[in-house]
Amino acid sequence: MDSKEGIKEDPIKSIPGLSLADQQRIQDFDSRHYDYLDMSVPTLALISKALAHYNALLVQEPEKAKQPGASLLNPQIFCRLGHLYLLVLEWEKALACYQTFYIKSSLSRKDPYFYYGLGLVYYQLECYLGAAFAFQHALYLDPGFARSNEILFRLGLIFKYLEIYDVAHRFFRRTMTDPSPFTETKEMINFHIGHIYELQGRYETAKKYYEQVIQSPTCDNQLRADVLRQMGWMFHTVEDFGERSMREGQAIKCLTKSLEHDPNNGQTWYFMGRCYAAMMRVHDAFAAYRSSIDKSEANADTWCSIGTLYQQQNQPMDALQAYVCAVQLDKTHSPAWFDLGMLYEGLKQFPDALHCYQNGIKHGKTAATPSIIQRAELLENSIKGSFAAFDSVPKTLPHLEEALALPIAAELTAGHRPPQTVKKTSLLPEPSDNIALSNQQMQVLNMLKQHESQLDPAQQVLLATLQAQFMVQQQEQQLQNNTKTSASNNTVSPATIQALKDKPFPLLPFASSTRLPLSERLEAMDELIRKSASEVLAECSSLEYGKLSSDHLKLNLLNETGLPPTPPAAPMPHLPKSALHPLAPSVFVENKKEALSKDMEDYLLRQPCAILKNLSNVLRLDLSLFSTKTLVETAPDHQIEVRTQKKQRSEDNFDSSNSERIWKCESVRNWSTVSKYGMYQAQEFQKALQEDSENKSISDSDSNNSGPSKKAKKSSMIRFGTNVDLSDTNIWRIQLAELDKLPPLVKVKAAKNMLSHLDHTILGMNSVQLYMKIPGCRTPGHQENLNFCSVNINIGPGDCEWFCVAHEYWGVIQQLCEKNDVHFLHGSWWPNLNDLRNANVPVYRFVQKPGDLVWVNSGTVHWVQALGWCNNIAWNVGPFTAEQYYLGTERYEWNKLQNFKSIVPMVHLTWAVAVNVLFEKKDEQMWKLVRLTLRRSMRYCQVLLEHLKAMGKTAKYQARDKNENAHYCKDCDLEVFNILFIIKEKEKDSSEYVVRCYDCARKIDKDLKTILILHQYRVKELMEIYDRCVLIDSSSS
Ligand SMILES: O=C(O)CCC(=O)C(=O)O
Ligand SMILES: [Fe+2]
């Protein structure tokens, strides 16, 4: 196809006026060349010509479409256009073209170059979750992708920005061993790793990394300056680093050195100013702040600090002006508002002071301290009483409104920076004729617009493309006009960025809900499923081992195409608003027989969630075995994870300044013991009792009391004790035995529970976990690991409130998460009920009383908040159904795409189930799914072993030990079944054998010379298991 003739025929490949060599060259250009191409004048000219040619072709399309038999353009042209626009840094145009390619061609789904280009564009447009999604697709499709290192680095930056530090850390670490080309240095990676530690408050470790960077002889001056600046700031702020004056001295030393390498950095000068100010070297501090303002974009922090310094020098008018500069630059700068408030208050200008405090509380980015809030309340109440008196106080400073009306220096207006380095702008000469729409294009655009309702899909796409280009052109013109007044050199308009953020993944339509039902899909694969093991392996006989592409060396549990799953689109038609608050399925269990009945089991399996009431009574479960008293007596020093959270109503989730409803709900993690948390739980209970009785006596004596309630002033931070591991039968024997009374479907261990077929413990899944709570403690939104079901019993004495959303809506919730800048899988979020309502998502909301068992079916999204003081116990179960198994494998692949570890090793589990279980006719669908996984896994093992053999490598057989844990790749977290790639790695004093997957092992050592390869099952064994896994015809027995 790519013979010379091919080039001639194909209008995409044949560009008039170019030599054959140039034709070839331009065809080779793709996203891979971003940052790797010498953008010389001839190269730019070449790209310009190609762009002009492609745009001209597009303009001819509508005419061509009218002629019968005319061959229309291959949609691939949009991908080529996307790549070329990317190379010349025309982000928006690149995005429009990539989008069109995605809509028009299914080839896009398999094209890592397309996804990489798209990721780069999203990244530049600050659409970071979109970028991560696109980059991860590129790696999913090709783990050995030519730019994998560039991807890993950007993923590291994105997850650092999202504050998901452990994930960021992994990505940075992986860049250390990835052999693909890389534009960053090892020092840069170490700097980011150090910075993550600093952000996590692990300052000593951060310092070690920073020192390593500056000691490296190959570290460039800019980076050295950056690192020294961070170090200087740490010395200034981190008390653990020693005595104060010594620290300030060190800080000044670092900052001075930093300035030697980069004297024009405003931030460094600012830090310097702060250090001098702390040392009372006022003159030096002013000089440093002055330099900071000279060198950098206007910065509210600097002006706020200047204000502080003036105030300390008793120069209130100067201080006022500096604070005003700060809040004019950044209305959300709460420290400046509060400082300004105190300045006014000190001069007895109380209404102005109050105004400032209120602005700081209302608009501030950082939370107001209780003392500020108290001060504001106090002022407000006093002013209300005697406003006139305050007004007559002679004023020394202009009132706030006057002060805010003061003009601020024009050079002080500037915006925010992405977490990146410098933004690059278009490389094409400007204004460039071939980007601006030609007259002909304008005519086509107008014509298409007039006939918009009658356009065929190709014409619609052309219209969209031309409109996008037209919009860009207009924005460019506007921008050129604007540059006369502003210093911005950014081709991307803030409006575009905002529009992208409002509409995450403008590109990626989700899988429509009209997917075939599972039974029909399985029907279509019946022949495949019924093949014998030798027939399966015979399918591979024509493969050229030793030369296989990565497509052949991949295991996908979901399909044969090698593509990842897509989240489901919103179920259609939308439910009426009146149906968005369904009653939660609830059963009052009458007796033990009913509890253990098949009907009950079938009922639960049909509901997305359910409450079983009275179950604990009829089964005579002794729940006091899980009370705080018993727990503390049984294992006082047992570890508990403690999450510090903000207390709020269950329908609310405000940001730290209480001003905005958000989805993100991060909490700080710590560790403690069961007895310490038990003490806290009891104390909080006592406190509340006491307050209750005090409140009662107040309201008894003054029933008209409408003043501020005592409750409002209570501390808003609470602690949630979570993930207490109750797996150890030596400690929790009685407790675990008690739970054996439960019906098989909801039991921790049961033959029908897939998770019982694993011979190792997965904490909290096939073992019990305990939660200890006070009112307000919340478990953020999630689906269970691998979409397994969850069972939860409230031990009491208080209640819990639950919110559940059926599995079909997870795509909608995932999208809402993205829109709210929080990661569905890796992040913590608390849904806004109004957002869900607007998106037509039905939410089950119910209260779980002590003794109630809550059943959460496969894939149900849920979030939970304690209403009272209580403990809960919970675990997962895997019912033996096709739905459960399918959702498990689907999530397994989704996790793979998202670099999230699947803690249920589905391949390992499937082989275990095949060995242990006899499938009856009623299990036919489940059996088919299991056979498909076995088939894929067996084939993969055979192909990989043969391929290794052809490479001259032999895998050594070493049978798996009983109870040996499933293996995971140290680098990418993927399950590694059967064929293990092992490297001996030196730890501090010892060495360790570490397992990797094939792809990651090859990144470390392409020819696998230094890697030990083991296999734990012979292909023959796997074939036997596969052949024995048949349907039992129960009617004949
Ligand atoms: O009790 C809790 O807060 C945990 C709830 C939960 O997510 C579960 O049981 O699956
Ligand atoms: Fe859960």
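UniProt positions are given here in the numbering used for this chain, feature names are shortened, and annotations may be inferred rather than shown by experiment. With that in mind, the unreviewed UniProt entry places the feature "repeat: TPR" at residues 112-145 and 300-333.

This is a predicted model, where local features need pLDDT of at least 70, side-chain atom pairs count only at pLDDT 80 or more, and totals for chains, interfaces and linings use all residues. Residues are numbered from 1 along each chain as its sequence is written, chains are lettered from A and ligands numbered from 1 in the order in which they are written, and side-chain values use heavy atoms, with hydrogens and water left out.

Back to those repeats. Residues 112-145 are 79% helix and 0% strand, with end C-alpha atoms 8 Å apart. Residues 300-333 are also 79% helix and 0% strand, and there the end C-alpha atoms lie 7 Å apart. Helices (H or I, at least four residues) and strands (E, at least two) are DSSP runs, numbered from the N terminus.

Now for the ligand. Which residues surround ligand 1? The shell, meaning residues with a heavy atom within 4 Å, is made up of Tyr771, Lys773, Thr779, His782, Glu784, Ser790, Asn792, Trp802, His862, Val864, Asn872 and Ala874. By type, that gives 4 nonpolar, 6 polar and 2 charged residues. Here Ala, Val, Leu, Ile, Met, Phe, Trp, Tyr, Cys and Pro count as nonpolar, Asp, Glu, Lys and Arg as charged, and the others, Gly among them, as polar.

Three side chains make polar contacts (N or O atom pairs within 3.5 Å; within protein, one must be able to donate a hydrogen and the other to accept it, and residues adjacent in sequence count only if both atoms are side-chain atoms):

| Side chain | Distance to an oxygen atom of ligand 1 |
|---|---|
| His782 | 3.0 Å |
| Asn792 | 2.8 Å |
| His862 | 3.1 Å |

Taken alone, ligand 1 exposes 290 Å², and the protein buries 98% of that. These areas come from the Shrake-Rupley method with a 1.4 Å probe; for residues, only the protein chains shown count as cover.

Strands β6 (769-773), β7 (778-782), β8 (789-797), β12 (861-866) and β13 (870-877) each supply at least two shell residues. Take β6: Gln769, Tyr771 and Lys773 on one side and Leu770 and Met772 on the other are all buried (under 20% relative accessible area, with over 50% exposed and partly exposed in between; 1.4 Å probe, protein chains only). Strand β6 runs antiparallel to β13, joined by 5 bridges, and Tyr771 has Asn872 as its bridge partner in β13. Strands pair if DSSP finds at least two bridges between them.
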